[in-house]
Amino acid sequence: MTVAPPIRTPATAGGGRTGAVSWMVLPALLAFLAFGVVPLLGVVALSFTTWDGLGAINPSGLTSWRAVIADPALPHALGVTFLIMGLSWLFQTPLSILLGVFLAGRERYRGFLAVLYFIPLLLSSAALAITFKALLDPNFGLGAGLGAEFLSQDWLGQGNLALGVIVFVVSWQFIPFHSLIYQGGVRQIPVTLYEAAQIDGAGRWRQFFSITLPQLKYTIITSSTLMVVGSLTFFDLIFVLTAGGPGDATRVLAVEMYARGFQANLMGPASAIAVILVLVGLALALLLRRLGGRDQSASQLEGA
Amino acid sequence: MDLSRRTFLNLGVGTAAGAALAACGSSGPGTSSGGGAKGAAASFWFLTGQPGEGIRAKAVADFNAANPDNKITEQRFQNDAFKTKIKAAIGAGQAPTLIWGWGGGGLKSYVEAGAVEDLTSWFGENAAIKDKLFPSSFPAATINDKIYALPCETVQPIVLYWNKKIFDQAGAKPPESWADIMNLVGVFNGKGIAPFSLGGQSRWTNMMWLEFLFDRIGGPEVFNAIFAGEKDAWNHPASIDALTKVQDLVKAKGFIKGFSSITADSNADQALLYKGRAAMMLHGGWTYGGMKNDGGDFVKKGELGWMNFPPVDGGKGDPSDTVGNPGQYISISSKATAEQKESAKKFLATGKFSDNEIKGWIDSGAVPIVKGTESQLAASPDAEFLKFVYDLSSKAKFFGQSWDQALSPGASEVLLTNIAKLFQLSVTPQQFATNMNAVLGK
């Protein structure tokens, strides 16, 4: 993935050559059609049927959609999804920016730390979930091992705590990734801006809020898009950690879809939820693009 | 623990999609009508994991050696992959000839899809086989008065375990009634020991409490009405009473602190019992083997006590009733060729329940669903426990199948979610009943 904010890309300069190389897009397009669009159309079609995954697929019009929309589980799952999305954004963004700014420094120890910070990203979500589950076990986990009573909470057994644990684990896993994006973003900021500010007498904080943050605008949008849209697809981690429980306290849309489709054998309603998931994701991505301003090519470096 | 189909109900079946895709790719023999050669091989999928894997594989090998014309080809699957894979294979018309499973609601969905053979007449011709199996194993194989599967392998009732050492220290006696249970809760809490261990995150663990309470208070007919989908069946007074009693137990701190964070697949609930952190545990018969393996000297030194769930004062249920897994089940795919079905039937008639296989199950510490194994059980190092399980299973007036297996997959998913909420005290018994009434018969 590209890390650089979209500044002054030479896209317009190469305009004359696009005709000759446009065939290069074909492999990606074909793969996208075969593995993205075709299954999506299949899911849309399935959402208008009744199917238990075993017998015949019976077209049933809007039955599945009615069942999904009338079910209070849908608004609940949507609410939980957005709550986890919002909380994890709030938790991850400031920390990622701070870490990113810190890691952008050229000192050698920062490079060493950057490698360490990167480790959580290398672990699979399922393995992480199993590990955290073991650590959080109220009787045999971290609390019991260290003799620290406050760590022996009913972490996964109370709705709010379980939600907090999920936000924490998600952040723990993905902050390194977003820090990396911000590190790249910060390194793109011309040093001259800081030099000028120093001459004008701006302190560290002033420099951070008046130069670093505004310059990171597009990086923030990129990272936020990844966080927000990515959080829609959190499934493995939540499924292994809490399975949507306790009760349905952490049952996000993706878990709800899985439970309906593969545990309750209701493929029609599960497909309807899948379509909703896609629509929500598209809407969010579009919204974030709009927030970034219509004119993506506008320079951030005017006056630099 | 492959004997418990529980494990994979709860394990993250994150591989579901992958398994489904894989199933589409494999060329199962189901629809291949070609060949016609004498003795077309019947295929058999079963679970990996010892000791069951070895016993199943040996049964196939022995049968193949004795029947060169009716061979069985085997394919082995890991627990969690099996359920999605078999479902996808049946849905795609590529099922193996012999379909292994847990009976109940899952089998019913196969029957409704027309995927499995009616074996009623086969049992008519092979009455000797039917007669030697526990009668309690047949209801879960029977749908609309027709038998669609051969019960096989082992019986796994739910047992109330207790830690004898902890009971001695507290000067307490095992409970003989529900009132005793509530008294013991006070006794053990006073000593700083959790009365009951529970892996509540797994949800079906909580369900076992309801299964017993429903039976003890109202008898089997209460759940039978639910199973039959009778209107508002969950509103039965016995049902509301049982739901209230279980919440009373939660409120009295009957279960270990943080039980909703504990899963059964990590066996932490068993560890709490054998480490003396909890005094009692209601759990499947398969945990005996688990505690024997993991609990050090705990089982060997005779510190593990076991009993059937006690009666509830004034309850209508027979105290000999039990619940759990009455057996495992093998059906024959209706999509198989005539030759394959022939081989499969021969396997069911002569390949299963051989002396070797029965001995294998007993050596593994489980009770086969076959009558008349008392003397073999008595020779086992686990004789005492095995005799208890044998007597319990063979003498139970009613052997209730686990609810999540008996109900349709759709209804059991709603059930498990609501049970978790019930134990969290976030729904009242009446709300629980209302939520569940909405999925009756679905």
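These are my notes on the domains of chain B, one of its helices, and the contact between chains A and B.

**Entry 1, the model.** I am working from a predicted model.

**Entry 2, domains of chain B.** I looked up how chain B is split. Domain 1 covers 3–155 + 326–400, and domain 2 covers 156–323 + 408–437. I got 29 Å between the C-alpha centres of domain 1 and domain 2 of chain B. For the contact between them, I found 25 residues of domain 1 of chain B against 26 residues of domain 2 of chain B.

Next I checked which elements of chain B build the domain 1 side. Helix 1 (6–10), helix 5 (104–112), strand 7 (154–163), helix 18 (383–395) and strand 14 (399–401) of chain B each give at least two residues. Helix 18 of chain B has the largest share there, with six residues. Sorted by class, that side of domain 1 of chain B comes out as eleven nonpolar, ten polar and four charged residues.

**Entry 3, helix 20 of chain B.** I picked out helix 20 (residues 409–423) of chain B, which has 15 residues. From first C-alpha to last, helix 20 of chain B reaches 21 Å, close to the expected 21 Å. Is helix 20 of chain B mostly covered or mostly open? Mostly covered: I count 14 of its 15 residues as buried. After helix 20 of chain B comes B:L425, with a positive phi near 65 degrees.

**Entry 4, chain A against chain B.** I see 27 residues from chain A and 33 residues from chain B in the contact. On the chain A side, helix 6 (125–136), helix 12 (236–241) and helix 13 (253–263) of chain A each give two or more residues. By class, I have 14 nonpolar, eight polar and five charged residues on the side of chain A that touches chain B.

Terms used. Residues are numbered from 1 along each chain as its sequence is written. Chains are lettered from A and ligands numbered from 1 in the order in which they are written. This is a predicted model: local features need pLDDT of at least 70, side-chain atom pairs count only at pLDDT 80 or more; totals for chains, interfaces and linings use all residues. Helices (H or I, at least four residues) and strands (E, at least two) are DSSP runs, numbered from the N terminus. The expected span of a helix is 1.5 Å times one less than its number of residues. A residue is buried if 20 or more other C-beta atoms lie within 10 Å of its own, exposed if 12 or fewer, and partly exposed in between; C-beta atoms are placed from the backbone. Domain bounds come from an automatic or database domain assignment. Two residues are in contact if their C-beta atoms, placed from the backbone, lie within 7 Å. Ala, Val, Leu, Ile, Met, Phe, Trp, Tyr, Cys and Pro count as nonpolar, Asp, Glu, Lys and Arg as charged, and the others, Gly among them, as polar.
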